[in-house]
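I opened the notebook to record a few look-ups in one model. The entries follow the order in which I went through them.

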Amino acid sequence: MTDRMKVNGVLLLLLCLGSALSAVIATPQTCPANLEAKCNDASSDDWEGEFFPGIPKIKYEGPASKNPLSYKWYNAEEEILGKKMKDWFRFSVAFWHTFRGTGADPFGAPTKSWPWEDGTNSVAMAKRRMRAHFEFMNKLGVELWCFHDRDIAPDGKTIAEANANLDEVVAVAKKLQEGSKIKPLWGTSQLFMHSRYMHGAATSSEVGVYAYAAAQVKKAMEVTHYLGGENYVFWGGREGYQTLLNTDMEKELDHLARFLQAAVNYKKKIGFNGTLLIEPKPQEPTKHQYDWDAATAFAFLQKYGLVGEFKLNIECNHATLSGHSCHHELETARINGLLGNIDANTGDPQIGWDTDQFLTDIAEATLVMLSVVRNGGLAPGGFNFDAKLRRESTDVEDLFIAHISGMDTLARGLRNVAKLIEDGSLDELVRKRYSSFDSEIGALIEAGKADFETLEKKAMEWGEPSVASGKQELAEMIFQSAL
Ligand code: XLS
Ligand code: NI
Ligand code: NI
């Protein structure tokens, strides 16, 4: 090889390297999502590229598809019962489960190691995580998300520091939302993790904690409003007691009501038109939570004159923990004009806590959708996937599969409700069952005009009433045939 040939060779090599380099610059999406690739500064705010490189935009492929990364039943634009599927559901990703769920349980360490996580709880990490979250929503085709203040940004040593952290991350979210339809379904504040909340937040025995919680809710409402959020949730995880021996229940409930009233006032003051929602749960972490179930929450709202200011966010797993079915809780909320939102998840019949699983039971989904259709939908509420992967599910694609499966299950529920309504026989069975009240005396009763004397006269005239079959098995048969 002559010297000249060597020079040519080196030039060629440089040329090749140059084009390889420009190829890398032109296609940054294969690089930075994985921290191990070390091709971007981990603390950089300008995190570019894909976090889910192998995952395409999820599309509807129909029930025959075998592709796990496709919708088989959820077809966003398809009209069912006069509304697009996406408008019936208004699906939302829960930031705390999908992006902060670690797989840890009381007996074991975290199991997830997502490629975009650097193991810190820094503001830089929070911003990068937010970008991952937006890519996730875009690929899933979901336009709503839910968050706690402390999921999306690190806490601070002072309220001011925590607020500043939150502002930094919220600015990133706001920017990512620009030009898209994405916005929060609801925001909330985490008033249960920090040790200061061990006796509760609005029901703490310490006035300093009550004030701290108020400051936290004030800020969380402001950022929810700023991001265009449509609702604000109060889940009182620690608003309850462990023993009544050391608890003034009446005082605590009064405090809680004052707190919620102050939230109503502040909402109006800042011009936030979102719905305020109470999320009932009977227990866990407290032994007894004050907003035990929908009926208890309704009684509380009535006592304190808060009806009209709040609706309910019904979580299916909480419903079963309170000894009801999810359908019961949804109907209790609906008939009282309180059905505002659903935290879509399910429990495990053999486990007695909030396992937060994605709903896969089609019969259950059909019952849920019966209530939602009767309610005319949930807007401005929606279905928030307050659900997490099992500890043992550790692939990035599992995050997608879980949401797709949950969405498809509820979509099947809606399709089944359409079948039931079209068939009409279940409605007819119920109508017939109460048809004796279509009589003149029935109308009097329902109008509140039938006194005991009138009824006694009728009872004597009629004699022993004939009582018809409840037709439960027939109702179950009709229901099953729609699944
Ligand atoms: C916990 C609750 C919680 C709320 C938001 O059981 O479901 O996740 O939805 O604070
Ligand atoms: Ni919830
Ligand atoms: Ni829950």
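My entries cover domains, a metal site, three helix pairs and some backbone details.

**Domains**

I am working with a predicted model. I looked up the domain assignment of the protein chain and found domain 1 at 59-423 and domain 2 at 436-481. I then took the separation of the two C-alpha centres, which is 41 Å.

**Nickel site**

I turned to the nickel ion (ligand 3) and listed its protein donors: Glu 315 through OE, His 318 through NE2 and Asp 354 through OD. These donors lie 2.1 to 2.2 Å from the ion. Along the sequence I noted the spacing of the donor residues as E-x2-H-x35-D. I also checked the nickel ion (ligand 2), which is 3.8 Å from the nickel ion (ligand 3). Glu 315 coordinates both ions.

**Helix 4 and helix 13**

I asked myself at what angle helix 4 and helix 13 pack. For helix 4 (residues 123-140) and helix 13 (residues 396-423) I have an angle of about 45 degrees, with the axes 11 Å apart. Angles under 35 degrees would count as roughly parallel and 65 to 115 as roughly perpendicular, so I entered this pair as oblique. The crossing of helix 4 and helix 13 is right-handed. On the helix 4 side I listed Phe 136, Lys 139 and Leu 140 as making the contact. Helix 13 contributes Leu 399, Phe 400, His 403, Ile 404 and Met 407. I sorted the residues of this contact by class and got 6 nonpolar, 1 polar and 1 charged.

**Helix 6 and helix 7**

Next I took helix 6 (residues 159-177) with helix 7 (residues 207-226), whose axes come within 11 Å and cross at roughly 15 degrees. That angle falls under 35 degrees, and I therefore recorded helix 6 and helix 7 as roughly parallel to each other. Their crossing is right-handed. From helix 6 I noted Ile 159, Asn 163, Leu 166, Asp 167, Val 170 and Lys 174. They meet Tyr 212, Ala 215, Lys 219, Val 223 and Tyr 226 in helix 7. By class I have 7 nonpolar, 1 polar and 3 charged residues in this contact.

**Helix 11 and helix 12**

The third pair I looked up was helix 11 (residues 326-335) and helix 12 (residues 362-374). Their axes come within 9 Å and cross at roughly 5 degrees, which makes helix 11 roughly parallel to helix 12. Which residues of helix 11 meet helix 12? I found Cys 326, His 327, Leu 330, Glu 331 and Arg 334. Their partners in helix 12 are Glu 364, Leu 367, Val 368, Leu 370, Ser 371 and Arg 374. The contact of helix 11 with helix 12 divides into 5 nonpolar, 2 polar and 4 charged residues.

**Backbone details**

I looked at peptide bonds and noted that the one from Glu 284 to Pro 285 is cis, with omega near 10 degrees. I placed Pro 285 in the loop between strand 10 (275-278) and strand 11 (288-289). The bond from Ala 379 to Pro 380 is also entered as cis, with omega near 5 degrees. Pro 380 sits in the loop between helix 12 and strand 14 (383-385).

My last look-up was Leu 81, which is not a glycine but has a positive phi of about 50 degrees. Leu 81 is in the loop between strand 3 (79-80) and strand 4 (83-84).

Definitions and conventions:
Residues numbered from 1 in each chain as written. Chains lettered and ligands numbered in written order. Predicted model: local features only at pLDDT ≥ 70, side-chain atom pairs only at ≥ 80, totals over all residues. Heavy atoms only, no water. Domains from an automatic or database assignment. Axes fitted to C-alpha atoms, helices over the stretch in contact; angles between N-to-C directions. Helix = DSSP H or I, 4+ residues; strand = E, 2+ residues; numbered from the N terminus. Parallel < 35°, antiparallel > 145°, perpendicular 65-115°, else oblique. Left-handed = near helix turned anticlockwise from the far one by under 90°. Contact = heavy atoms within 4.5 Å. Nonpolar A, V, L, I, M, F, W, Y, C, P; charged D, E, K, R; others polar. Donors = N, O, S within 2.8 Å, 3.2 Å for Na, K, Ca; no water.
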